[in-house]
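Dear colleague,

I am handing over a structure for you to look at alongside these notes. Please keep it open while you read.

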Amino acid sequence: MVHLVQQYFERSADRFPDKIAVECGDDNISYQDLDQISNGLAHYLIAAGAQRGAFIPIFIEKNVNAFKALLGILKADCAYVPLDTSAPGSRIESILGRLEAGYVLVDNKSEPAMREILDEAGSDVQIVNVETAEITDTSRRAYKNISADMAYIIFTSGSTGIPKGVMISHFMIVDYIDFCVDLYDITETDVVSQHAPLYFDNSVLDIYCAWSAGATLQLVYDELNVVIPKLASWLRDKQISIFLAVPSVLTMLLKSRRMQPDMLPNMRHVIFSGEVIQ
């Protein structure tokens, strides 16, 4: 029985080691490779001093590297905090301060921006680059966390004041994901789209339903959101079977006139949430 959300991934990695776990454009990674890299990052964070229950931000655009970071943090018995890489530096600085963050995970693309933010703030937060960290031990750990411990924190937009961190525990996710996998009958044959930014709660359903079932997670990258008509072709070409989006995206897809009868033969479920349906 799964008690911690990373165990969804590990269970599927044991069943389907060579299967693609996450794909973004031309970049992808197998369950086995992602398992080993994230194990290594967990050992690296612990060796660097990360303590159980630490809140560790991720400052990486939504790509394969972001999922290396997410899993590595969870496997270190810590909680991940996705940050918007396009947010003003003052907001990022404020969140890092509220978390009392000791570490922040970046990749090669995002590291210069994070260093600038930290330099301007005079912060001593330690940067860990998931692409250059020296990983030696890729074995799985015996976790110390329990299901009541935090898995992640999402910060609100702050539109009504100072952004607030919403804390979500492992068991809250597990209860939700077990229900959704059963409701939508998600299996290893599915291809699940991942549309919402990682700093939105909607991302949770995509990620952990796919990993629970051993399905492939296809990331909807920024270009597809900017040019919505391309999203229709992408859904077809990637053979998406589970698609979760806000209603406004579905409306724009219909208005694009790119959706044709029978163009999505693999689609089983279209799920929408997060907005009023117009």
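What follows concerns the charged side chains and how they pair.

This is a predicted model, in which local features need pLDDT of at least 70 and side-chain atom pairs count only at pLDDT 80 or more, while totals for chains, interfaces and linings use all residues. Residues are numbered from 1 along each chain as its sequence is written, and side-chain values use heavy atoms, with hydrogens and water left out.

The structure holds 13 salt bridges (a side-chain nitrogen of Lys or Arg within 4 Å of a carboxyl oxygen of Asp or Glu). One network of salt bridges links E10, D14, D35, K75 and R140. Within this group, the side chains of D14 and R140 meet at 3.0 Å, N to O; because D14 lies in helix α1 (residues 6-15) and R140 in the loop between β6 (126-129) and β7 (150-155), the pair ties together parts that are 126 residues apart in sequence. Helices (H or I, at least four residues) and strands (E, at least two) are DSSP runs, numbered from the N terminus.

D14 is exposed, with a relative accessible area of 54%, whereas D35, in helix α2 (residues 31-47), counts as buried at 8% (buried is under 20%, exposed over 50% and partly exposed in between, with a 1.4 Å probe and protein chains only). The side chain of D35 makes polar contacts with the side chains of K75 (2.5 Å) and R140 (2.9 Å), a polar contact being a pair of N or O atoms within 3.5 Å, where within protein one must be able to donate a hydrogen and the other to accept it, and residues adjacent in sequence count only if both atoms are side-chain atoms.

With regards
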